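Please examine the fold of the protein shown below. The account that follows proceeds from the overall architecture to individual side chains.

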Amino acid sequence: MEDLWGRALYDCSLVIEKAEDLQNIRSLLEKNYREISYFNDFNDDWDASILDVVYDTAVCDDFDPKIIRKALELGFYPLATTRRICHRRELPKRLAAEYDDAFFENLKDIPVDFSETGGFNRNAAGEAGEEIDAAENLRKIPPFFRFCVQLLTIRYHSKKLIIFFNNFRIPQKVPSLIKKRFADYTLTFNKNFSLCMEELKNTYRNETWLYPLLVEQFTQINQNPDESISVDSVEIWHDGELVAGEFGFVTGNVYASLSGFHKEDDIGTVQMVVLGLYLKKHGFAYWDLGMELDYKYRFGAVACNWDEQDEAYARTSRRRIAFCRDEIPLTDFLSDM
C-alpha cells in the first residue's frame, strides 16, 4: 500500500527541484492542485484522499540538504515516502551516479547479470578516481523492472495545529504525576540525538517515514545548526535510561515537533507539559504541532489555515533560540504549573 501511495503522490504532486522553489510553494501547490483536479477524474475515496495530500505536499527526487534546510527555515516539514518504479525512465537521476551494494540489495526481479564482470558498475566512486558514466549505467538497466525508491516530501500543512503559549493548557493530573511517580526523572535536549532516533525507529518500525537518507540529513543539521535552524532531540531520562523523547526543529524562535515516543504510561503527557513550559519560559513564539490529532487539543492547540500560519510566521524572529545543555529535574517545572 505504501508503494501505491508513494507512486500516486509522486505522479500528482508538485515536484521541487531547487531550494528557491520553496519561497513560492503555496502558489505552486495551488496551481498544481487546480491542474490535477482539472485533468483527472477523481471519483472514489482513494483518489480523493490522494488529492487532499497533493494540495499541501511537494516531492523531490533527491534528499538535497539545501532543500531540507530551506524547508525547515520556512517552517515546512521535510518527510519521506516510498515510490515503486517500473521503468528505466522513472529512475531518479541521483541513483544513476550512486550505484553501490545497498542499491542492489533493494532491487527485485531484475533480469540482469550482477557478477563482477557484468551488469551495473558497483563502485559509485569509480576506480582510481575515475568518474562513473551515469548514462552508460542507465543503458545497462533493463527497460522494465521493479524497484522501490525513497523520495523526499515537503509538507506545507493546509491545516496545522499550533499552540500559542497564552493558551497553553496543562492536564489536571500532571502535577500529581510528577510529584508521585516522576520526581526523579529529568529533561534534556540533544544529550543523545542518535539514541532518540533509534528509539523512534524501534517504536514505529516499518510504519516510520524516518528513512536512512532523511535521518542522515537530520543528523547533519543536528551536528551543524546555523543561525536560523536546528534539528533537536528532547529526552526524558530515568536512572540513565531514555524513557521518552521526540525530535523536531527550531526555526528562529519557533519549535516544531516531528515525531515522538514513550516507554511508560503517562510519561508522554508529562513530556508534552514540561516541554511546553520550557518553550514558553525561554521566549519561543509558538509551538508547531503539525498535523491534526485529537490529543493535541488537550494542550490548547488551535487549527490554523495557510493564511493564519503565514501571519504567525511573519511575526517571528529569524534568530534561532538554542536549547540549553543542562539536565533539568521535572520537579523544577512544578512552580510554573
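The chain of this predicted model contains 13 helices and 13 strands. Of its 337 residues, 49% are buried. Among contacts with a separation of 6 or more, 80% involve residues 24 or more positions apart.

An open sheet is formed by 8 strands, in the order S12-S6-S11-S10-S9-S8-S7-S13, and its pairing is mixed. Strands S12 (302–305) and S13 occupy the edges; each has a single partner strand, so one side of each lacks a neighbour in the sheet. Helix H11 (residues 267–281) packs on this sheet and touches S7, S8 (229–238), S9 (241–251), S10 (254–262), S11 and S13, with its direction at about 40° to that of S9. Helix H13 lies across S6, S9, S11 and S12, and runs at about 95° to S12.

At the S12 edge, strand S6 (residues 159–163) pairs with S12 in the antiparallel sense over 4 bridges. One of the residues involved is Lys 159, whose bridge partner in S12 is Asn 305.

Towards the other edge, the neighbours of S7 can be traced in a similar manner. Strands S7 and S8 run antiparallel and are joined by 4 bridges; Phe 189 has Val 234 as its bridge partner in S8. Strands S7 and S13 also run antiparallel, joined by 2 bridges, and in S13 the bridge partner of Thr 186 is Pro 329. In a regular strand, side chains alternate between the two faces of the sheet. In S7, Thr 186 and Thr 188 point one way while Leu 187 and Phe 189 point the other way, and all are buried.

The aromatic side chains supply further links, with 17 aromatic pairs in the structure. Tyr 33 and Tyr 55 form an edge-to-face pair, with 4.7 Å from centre to centre and 65° between the planes. Tyr 33 belongs to helix H2 (residues 25–39), whereas Tyr 55 is in the loop between helix H3 (45–54) and strand S2 (57–60), so the pair ties together parts that are 22 residues apart in sequence. Tyr 33 is partly exposed, at 26% relative accessibility, and Tyr 55 is likewise partly exposed, with a relative accessible area of 25%. A second pair, Phe 189 with Phe 323, is stacked, at 4.3 Å centre to centre and 5° between the planes. Because Phe 189 lies in S7 (residues 186–189) and Phe 323 in the loop between H13 (306–314) and S13 (328–329), this pair ties together parts that are 134 residues apart in sequence. Both Phe 189 and Phe 323 are buried.

Tyr 33 and Tyr 55 also belong to one aromatic cluster together with Phe 76, Tyr 156 and Trp 306. Elsewhere, the charged end of Lys 191 sits over the ring of Trp 237, 4.6 Å from the ring centre.

Helix H4 (residues 65–73) and the residues flanking this helix come next. At the start of H4, a side-chain oxygen of Asp 64 reaches to within 2.8 Å of the backbone nitrogen of Lys 66. Within H4, Ile 67, Ile 68, Lys 70, Ala 71 and Leu 72 are buried. The helix is followed by Gly 75, which has a positive phi, near 85°.

The end of H4 and the residues after this helix meet Thr 251 of strand S9. What does Thr 251 contact beyond its neighbours within four places in sequence? The contacts are Leu 72, Glu 73, Leu 74, Gly 75, Ser 228, Ile 229, Tyr 313 and Arg 318. Leu 74 and Thr 251 are 177 residues apart in sequence, yet their C-alpha atoms are 7.3 Å apart in space. A polar atom of the Thr 251 side chain lies 3.5 Å from the backbone oxygen of Leu 72. With a relative accessible area of 2%, Thr 251 falls under the 20% limit and is therefore buried.

Gly 75 also appears among the contacts of Asp 288, a residue of strand S11 (residues 286–290). Is Asp 288 buried or exposed? Its relative accessible area is 3%, so Asp 288 is buried. The side chain of Asp 288 reaches the backbone nitrogen of Gly 290 at 2.9 Å. Leaving aside neighbours within four places in sequence, the other residues in contact with Asp 288 are Tyr 77, Lys 160, Leu 161, Ile 162, Val 254, Tyr 255, Ala 256 and Ser 257.

Terms used. Residues are numbered from 1 along each chain as its sequence is written. This is a predicted model: local features need pLDDT of at least 70, side-chain atom pairs count only at pLDDT 80 or more; totals for chains, interfaces and linings use all residues. Side-chain values use heavy atoms; hydrogens and water are left out. Buried means under 20% relative accessible area, exposed over 50%, partly exposed in between (1.4 Å probe, protein chains only). A polar contact is a pair of N or O atoms within 3.5 Å; within protein, one must be able to donate a hydrogen and the other to accept it, and residues adjacent in sequence count only if both atoms are side-chain atoms. Contact means heavy atoms within 4.5 Å. Rings of Phe, Tyr and Trp (its six-membered ring) pair if their centres lie within 6.5 Å; planes under 30 degrees apart count as stacked, over 60 as edge-to-face and the rest as tilted. A charge sits over a ring if NZ of Lys or CZ of Arg is within 6 Å of the ring centre and within 35 degrees of the ring normal. Two strands pair if DSSP finds at least two bridges between them. Axes are lines fitted to C-alpha atoms, for helices over the stretch in contact, and angles run from 0 to 180 degrees between N-to-C directions.
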